[in-house]
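Work through the exercises below with the sequence and the model open. Each task is followed by a solution in steps.

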Amino acid sequence: MNKLFDYIKNTQIWRSIMRHGYPDTPRNRTLAVLSNFFLHLHPVKVRRSGIQLSYTWCMGGLTFFLFLIETITGLLLMFYYRPTAELAYQDIFALRENVPLGIMRELHRWSAHLMVITVWLHMYRVFLTGSYKPPREFNWNVGVILLVLTLLLSFTGYLLPWDQLAVWAITVGTNMARATPVLGHEGPGAALLSFGGLDFIHAGDDVRFGLLAGRFVGEGALLRFYVLHCVGIPLAAATLMAIHFWRVRKDGGISGPL
Amino acid sequence: MGDLIKNAVDWATSPTLYFLEFTLAIVLVLRFRAFFTKKIVITGFFVLATAFFVFAFGDPNFNRIVTKPDNIPIVILLATVVYFSWLALRRGYVNDERVKQGLPTVEAEMGKQKVFTWPDLVYIELICLVLFTAALIVWSIKIQAPIEEPAASARTPNPSKAPWYFLGLQELLVYFDPWIAGVLLPSFIIVGLCAIPYIDINPKGNGYYTFDERKFAISFFWVGFLLFWVSFVILGTFLRGPNWSFFGPFEYWDLHKLEPMVNVDLATYFWTGLLGQPRPVEPLVRELPGILGLLAYFLVLPKVLEKALMKALFDGNRAHLIRYHVMMQLLLWFGLIPIKMLLRWTVNLKYIIGIPEWFFNV
């Protein structure tokens with residue numbers, strides 16, 4: 001058996017993929033991190049305090065992990081879901097009724113809930129350890145935006161099942177936009193933008209209308225939320241995540257002064 | 001006995017008491033952290049909480065609201081937030097005691113030692129990943145994702161609730177109009193969070209848990225995050241029912257529960273109550289007391305407090321004057337929330353400034 005492993009490890013194919021031996025020596029452990037695309041996010045060595053679970057709570061890593069789960073399960077769900085007022089509910093319902101042991105929607109939903117919690121706790125930990133202090137002020141800001149994007153991802157996804165819960169939760173949420181100062185038709189200042197008795201800002205052109213592509217949560221809103229949920233926000237979040245992780249390295253690890 | 005406990009809990013969770021109890025709890029825990037950071041305290045808390053849950057599950061009303069599949073995460077949120085707050089405070093307390101004895105913090109001591117990412121870190125990551133995947137799969141098999149009736153724009157469910165993580169903001173709608181609760185305050189939260197590293201220039205507490213070295217920052221975050229965010233999410237999820245009326249955890253969600261609304265504007269108090277004359281028609285005159293009050297609050301108050309607070313927070317260094325004033329504007333907006341809540345509870349105040357003609361109500 002060992003002979004077989006030795007043989008495999010010495011083939012040109014294996015050696016073209018893995019450029020180092022088993023990581024049990026300092027040299028190979030260094031190479032394992034440096035020469036692996038995914039692991040090279042990490043430094044070769046870390047402070048022992050920085051990997052203690054009771055210090056980090058692992059919340060940042062878990063948030064990223066949940067994002068990956070959301071991406072994978074979301075991709076699978078996209079095969080079965082058509083974002084139209086006519087079909088959306090049917091498709092979700094069929095997913096539940098016609099797929100024995102199907103748990104993709106469950107995984108997607110529960111992970112999404114969890115991700116909101118882990119991202120809050122991650123922020124909480126970063127605050128309590130003072131990890132936003134110099135030189136990490138900018139990365140804290142990137143993190144705040146990522147937190148907002150996480151909430152927006154969850155919010156846009158909320159609408160997609162197109163059931164009563166979805167439509168009315170989004171109605172409650174987006175009704176706020178009506179009251180945006182100046183730009184919402186029930187917001188303070190909107191009446192100032194009135195020319196010769198004609199309102200410039202009204203229910204048919206204010207920010208809420210732009211958000212929903214209509215005066216109420218309808219087909220236009222569904223498509224808009226679907227595209228934002230599956231493409232727009234994930235792309236933005238992935239880009240910012242890359243910056244977030246890169247900055248962790250450039251700023252000298254997860255916390256502590258340089 | 002059971003009914004007595006249920007009635008007591010229903011009574012103690014009414015919004016006013018709920019808020020005051022949470023505030024008191026935060027003050028007590030921070031003040032007596034030497035006691036509250038003991039392991040026996042958190043163990044006791046979770047034992048009692050579990051006992052309460054076991055007892056409460058027998059109640060149909062409690063059971064219905066807590067076991068709703070979408071409410072399970074909020075129970076997880078409550079448990080994790082309590083535990084991690086305790087953990088952070090404990091580690092902070094240990095560090096503070098060490099510093100008093102002239103020892104380095106736990107993090108500083110451990111940080112001297114460096115370990116290889118492979119295997120020390122990647123294995124932690126792998127184990128977390130496997131455990132979480134397993135937990136999620138079990139959760140997903142056990143509990144089906146709910147789907148309600150198909151969307152119908154003609155039938156409004158009661159209550160209509162926003163997604164759970166925004167329920168803190170929906171709770172603020174009790175006290176503020178949507179342009180403040182739904183637009184202004186969320187924007188200020190985001191701006192305020194982004195501003196934190198530029199306002200808090202205390203170099204201490206960077207990379208380790210502490211309380212003594214960052215008393216103001218940590219107390220503020222506890223109040224902001226635990227009291228005004230997490231506790232409001234819990235309030236909005238479990239204790240708000242039809243018409244956004246309050247319901248105790250053991251109370252039946254009665255559609256017809258009426259809460260008397262006898263809220264009065266500040267202008268009415270001033271013109272009719274104090275001066276005994278009808279309210280002026282011209283909005284700006286009518287609302288003058290509220291307008292002057294808020295101007296004083298936002299513009300005069302920071303100036304009055306400038307000297308004392310500058311000394312306390314920035315060593316009186318006037319180079320940080322802009323920091324101070326930005327911080328004060330954000331804090332004063334934040335402070336408006338408890339002020340409005342207290343005014344509502346004590347004197348039924350509706351609006352400080354109420355100009356519905358222009359949708360300008362504060």
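## Exercise 1: Domains

Task: State how chain B is divided into domains, and describe the contact between them.

Solution. Step 1: chain B is assigned domain 1 (2-115 + 208-244) and domain 2 (266-361), the bounds coming from an automatic or database domain assignment. This is a predicted model, in which local features need pLDDT of at least 70, side-chain atom pairs count only at pLDDT 80 or more, and totals for chains, interfaces and linings use all residues. Residues are numbered from 1 along each chain as its sequence is written, and chains are lettered from A and ligands numbered from 1 in the order in which they are written.

Step 2: between domain 1 of chain B and domain 2 of chain B, the C-alpha centres are 31 Å apart. Step 3: each side of this contact is counted, giving 4 residues from domain 1 of chain B and 4 residues from domain 2 of chain B; two residues are in contact if their C-beta atoms, placed from the backbone, lie within 7 Å. Step 4: on the domain 1 side, α2 (15-31) and α11 (215-238) of chain B are the elements that give two or more residues. Helices (H or I, at least four residues) and strands (E, at least two) are DSSP runs, numbered from the N terminus. Step 5: by class, that side of domain 1 of chain B has 3 nonpolar, 1 polar and no charged residues. Here Ala, Val, Leu, Ile, Met, Phe, Trp, Tyr, Cys and Pro count as nonpolar, Asp, Glu, Lys and Arg as charged, and the others, Gly among them, as polar.

Task: Do the same division for chain A.

Solution. Chain A has domain 1 (1-45) and domain 2 (57-250). The C-alpha centres of these two domains of chain A are 40 Å apart.

## Exercise 2: Helix packing in chain A

Task: Describe how α8(A) packs with α11(A), and then how α5(A) packs with α7(A).

Solution. Step 1: two packed helices are described by the angle between their axes and the distance between the axes. Axes are lines fitted to C-alpha atoms, for helices over the stretch in contact, and angles run from 0 to 180 degrees between N-to-C directions.

Step 2: for α8 (residues 137-159) and α11 (residues 219-250) of chain A, the angle is about 160° and the axes are 9 Å apart. α8(A) and α11(A) are therefore roughly antiparallel, a label for angles over 145 degrees (under 35 is roughly parallel, 65 to 115 roughly perpendicular, the rest oblique). The crossing of α8(A) and α11(A) is left-handed, that is, the near helix is turned anticlockwise from the far one by less than a right angle, clockwise being right-handed. The contact of α8(A) with α11(A) has 19 nonpolar, 6 polar and 1 charged residues.

Step 3: α5 (residues 59-80) of chain A meets α7(A) at about 155°, with axes 8 Å apart. α5(A) is therefore roughly antiparallel to α7(A). α5(A) and α7(A) also cross in the left-handed sense. Their contact has 14 nonpolar, 8 polar and 3 charged residues.

## Exercise 3: The contact between the chains

Task: How many residues does each chain give to the contact, and which element of chain B gives the largest share?

Solution. Step 1: chain B gives 72 residues and chain A gives 82 residues. Step 2: elements of chain B with two or more residues there include α6 (72-100), β1 (114-116) and α8 (117-142). Step 3: α8(B) gives the largest share of the chain B side, 15 residues. Step 4: the chain B side divides into 48 nonpolar, 14 polar and 10 charged residues.

Step 5: strand β1 (residues 45-47) of chain A runs antiparallel to β1(B), joined by 3 bridges; strands pair if DSSP finds at least two bridges between them. Val46(A) is opposite Val115(B) in β1(B).
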